[in-house]
Every structure is written in structure tokens, then in C-alpha cells.
Amino acid sequence: MASEFRWSGQQVLDEAVGAAAALPGMRGLLRSVRTPEFAGTVFHEVEAKSALNRVPGASRMPFTWTVNPYRGCTHGCSYCFARNTHTYLDFDAGADFDSQIVVKVNVARVLERELRSPRWQREPVAMGTNTDPYQRAEGRYRLMPGIVGALARSGTPFSVLTKGTVLARDLPQLAAAAADVPVSLGVSIALVDRSLQSRLEPGTPSPAARLDLVRRITDAGFDCGVMVAPVLPLLTDSTDALDALFAQIRAAGAVGASVIALHLRPGAREWFRGWLAREYPRLVEPYARLYRRGSYVDADYRRALAERVRPLLREHGLDRGVGMPRGRAQEAPSTPPAEQLTLL
């Protein structure tokens, strides 16, 4: 079975980090798992050769390193920018991205080894920049406690951006880690309309549950930022909608918010267009015009959104932005970021 998947090349056998059994009786082997609580989803358990991923030098992201314990995401967000990465595994960027989840079962052990290297400079590490480390599968696999522990013990600052309320499980450990290294926590909340959210992001916790997560993070002593992304043109971008969202975010205790318009990279673009055609066919042509130049929405739209957003953020006291590992806030919505940081 291993030969059927490109990630089989990541398997590590007896001579390396896979020498200790990652699963009972499954030393260095790939196993595909179905469970009743995840109907229609297959988890492909692999042993990774590396855990730390260097961000390309050309990227304008405010961090240099990431850790991704999962590939694919059960959140099922129609707009997720990471969808196209699943095609590297001979999967499609649509339904497979939502239902064929790669789990790096040895990620904490490999990370611990990499952080012990004398070459490691303790640069900040970001999580939640590709797929969500606290997606629902984390409740089963419990990979993040080992990752958090390894980072804290090595003196490495880190950040987590998530839509997953599973993070609340680890708040005591995260608070303890924050006593030793800088830790930044952020929650992604794009909208509060439950009907739209359940169709747009069918596998995510409700907006109310994520607002409660913001409260729990702040109660644990963290300054919590919120990533308001993506803002959907002609659907969630009105002044009234943004004002209502910012009010609830502030009431939950967030100290800042960053706002980014919908970004449609290849893979995500095709999947989202299919969703739009089913749910809002009247918007297909307007979206084609707004995204006629490629992945980023029209510059005039970005400028108009920025003008609408800035006074609202100031009014609600959310103009600090979302804290990131180097302390830099996300770029203003008038400038398209190189990547969209939601777990889209």
C-alpha cells in the first residue's frame, strides 16, 4: 500500500528515527485508518523525516519556520489556500483535501531531535499557517502536546493560529510554556452568520464556539488576536457585517484583529468557484471580475475594504493586529499578503 502514495518516501525504517515503534507493532510503517466518529475520512499515519519547515526566503511572512503535524484538514473550508498542496500526494485539491488526512505520528520526536541541533538558533516557529494543528483529528492523535513541550524545552518562541477549539485542552501547558518562551495565540473567525458558516466551513467549530475559545485564551492570561479572514466580497464585507463581527470579537476579549480579503490560489480557486456556483450563482460573474487578474482580489476592492475596516477596528479597539512570532502584525488589507494565514 505504501507504494501507492508519494508520501511513502517519507517513511523512516529501522536505521533512523523510526527505530522506536510509533504505534504498537507498526514500526516505521504507513497505516490507513477509518474510524466511526470520522465518517468518510481516512487518516494516513506516516513517519516524517523532518518536522521543521523553512519558509522560502522570498516570502513576506513574519516568521522563518513552521511545523505542520497534519496535511489535509477536516475543517473543509471551501476557500482554503492550502488545498493545492494535496495534489503533491496524488490526491485532489477538493474532497480529498477534506477527507484524506496525513498524520505525522512521530512529529514531536523528530522535532525534539531537530531542536537539539547546535545549528538551531531558536528562531520563532509558527503553527496554523498551512493546515490547522488543532483540527478535530488532534483530539484523537494528541500531537500538539509533544510539539509544544519540545519547543518550550528548547527555548524556541512559537505561535499558534487556529479555528479549532481542541486548543482549549492544551491551555494549561501553553500557559506553562509561556513562562519560558514567548507564545502567541490567535483564533481565526471570518464571520458570525451561522447559516453561511456551516456551508462555507462545514467541519469547523461554530463562530460562537470560537468566540468562547477567545475568552478561554484570555482567561488563561494570553493576549489573544483574531484573524478575520477571509472577508468574502459581496457576502461578508458590508460595514454592518464587519461592525457586528468586530463587536463580538472585542466582547470576547480579543486585543487585536487582522483583516484579509479572500485570496484564491490555484486549487482553492476552482473548489471555491464550484461552491459559489452552487450557493450563490448570481455572484459567479462579479467574482470573475474581481479576481480577473489572478489569486488576489482587485486592487480597488482592497483599497475600499481597507478604508471601511480601519475606522471600525479603531472604534472597537482592535487595531493592534494579530501577534505573530516576531511581533510583526499582519499586513494591512490594502496590500495583498504573500500567503493567506487562515486555515482555510
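This is a stop-by-stop tour of one protein chain, shown here as a predicted model.

**The whole chain**

Start with everything in cartoon view. The secondary structure of the protein chain comes to eleven helices and eleven strands. The chain has 344 residues, and 58% of them count as buried. Now think about contacts between residues with a separation of 6 or more. Of these, 77% join residues 24 or more positions apart. Switch on the surface for a moment. About 14,000 Å² is exposed, and carbon and sulfur atoms supply 50% of that area.

**The seven-stranded sheet**

Select β3, β4, β7, β8, β9, β10 and β11. These seven strands form an open sheet, in the order β3-β4-β7-β8-β9-β10-β11, with mixed pairing. Look at the edges next. β3 (52-54) and β11 (256-261) each have a single partner strand, so one side of each is left without a neighbour in the sheet. Turn the view to follow the twist, which averages 25° from one strand to the next.

Move to β8 and β9. Select residues 158-162 for β8 and residues 183-188 for β9; the two run parallel and are joined by five bridges. Pick V160 and find its bridge partner in β9, L185. Then select residues 171-178, which make up helix α5. This helix packs on the sheet and touches both β8 and β9. Its direction makes about 140° with that of β9.

**Strand β10**

Select residues 224-231. How many of the eight residues of β10 are buried? The count is eight of the eight, so this strand is largely enclosed by the rest of the structure.

Now check its partners. β9 and β10 pair in the parallel sense over four bridges. Pick L185 again: its bridge partner in β10 is C224. With β11, strand β10 also pairs in the parallel sense, over five bridges. Select V226 there, and A257 of β11 stands opposite.

**The four-stranded sheet**

Next, select β1, β2, β6 and β5. They form an open sheet in the order β1-β2-β6-β5, again with mixed pairing. The edge strands are β1 (31-33) and β5 (70-71). Each has a single partner strand, so one side of each is left without a neighbour in the sheet. Zoom in on β5 and β6, which run antiparallel and are joined by two bridges. R71 stands opposite V102 in β6.

Stay with this sheet and select T35. It sits in the loop between β1 and β2 (42-46). Is T35 buried or exposed? T35 is buried, with a relative accessible area of 10%. Leaving aside neighbours within four places in sequence, T35 is in contact with F43 and R140.

**Helix α2**

Select residues 107-115. Which residues of this helix are buried? They are V107, A108, V110, L111, E114 and L115. Look down the axis of α2. The buried residues fall within an arc of 160°, so they line one face of the helix. Now show what covers them. The cover includes β3, β4 (65-67), β6 (100-104) and α4 (144-154).

**The largest nonpolar core**

Show the side chains of F158, F246 and F272. Of the 88 residues in the largest nonpolar core, these three touch the most other members. Colour α4 as well, because this helix gives the most to the core, with six residues.

Centre on F272. Not counting residues up to four places away in sequence, F272 touches S78, Y79, L200, L232, L262, L264 and Y287.

**Last stop: W275**

Select W275, which lies in helix α9 (residues 268-279). W275 is buried, with a relative accessible area of 3%. Which residues does W275 touch, not counting those up to four places away in sequence? They are S78, L196, R199, L200, L235 and Y280.

Finish with a distance label. Place it between the C-alpha atoms of W275 and S78, and it should read 6.9 Å. Along the chain, these residues are 197 residues apart. Both S78 and L200 also appear among the residues that F272 touches.

Technical notes:
Residues are numbered from 1 along each chain as its sequence is written. This is a predicted model: local features need pLDDT of at least 70, side-chain atom pairs count only at pLDDT 80 or more; totals for chains, interfaces and linings use all residues. Side-chain values use heavy atoms; hydrogens and water are left out. Two strands pair if DSSP finds at least two bridges between them. Axes are lines fitted to C-alpha atoms, for helices over the stretch in contact, and angles run from 0 to 180 degrees between N-to-C directions. Contact means heavy atoms within 4.5 Å. Buried means under 20% relative accessible area, exposed over 50%, partly exposed in between (1.4 Å probe, protein chains only). The arc is that of the directions from the helix axis to the C-beta atoms. Accessible areas come from the Shrake-Rupley method with a 1.4 Å probe; for residues, only the protein chains shown count as cover. A nonpolar core is a set of buried Ala, Val, Leu, Ile, Met, Phe, Trp, Tyr and Cys residues joined through side-chain atoms within 4.5 Å.
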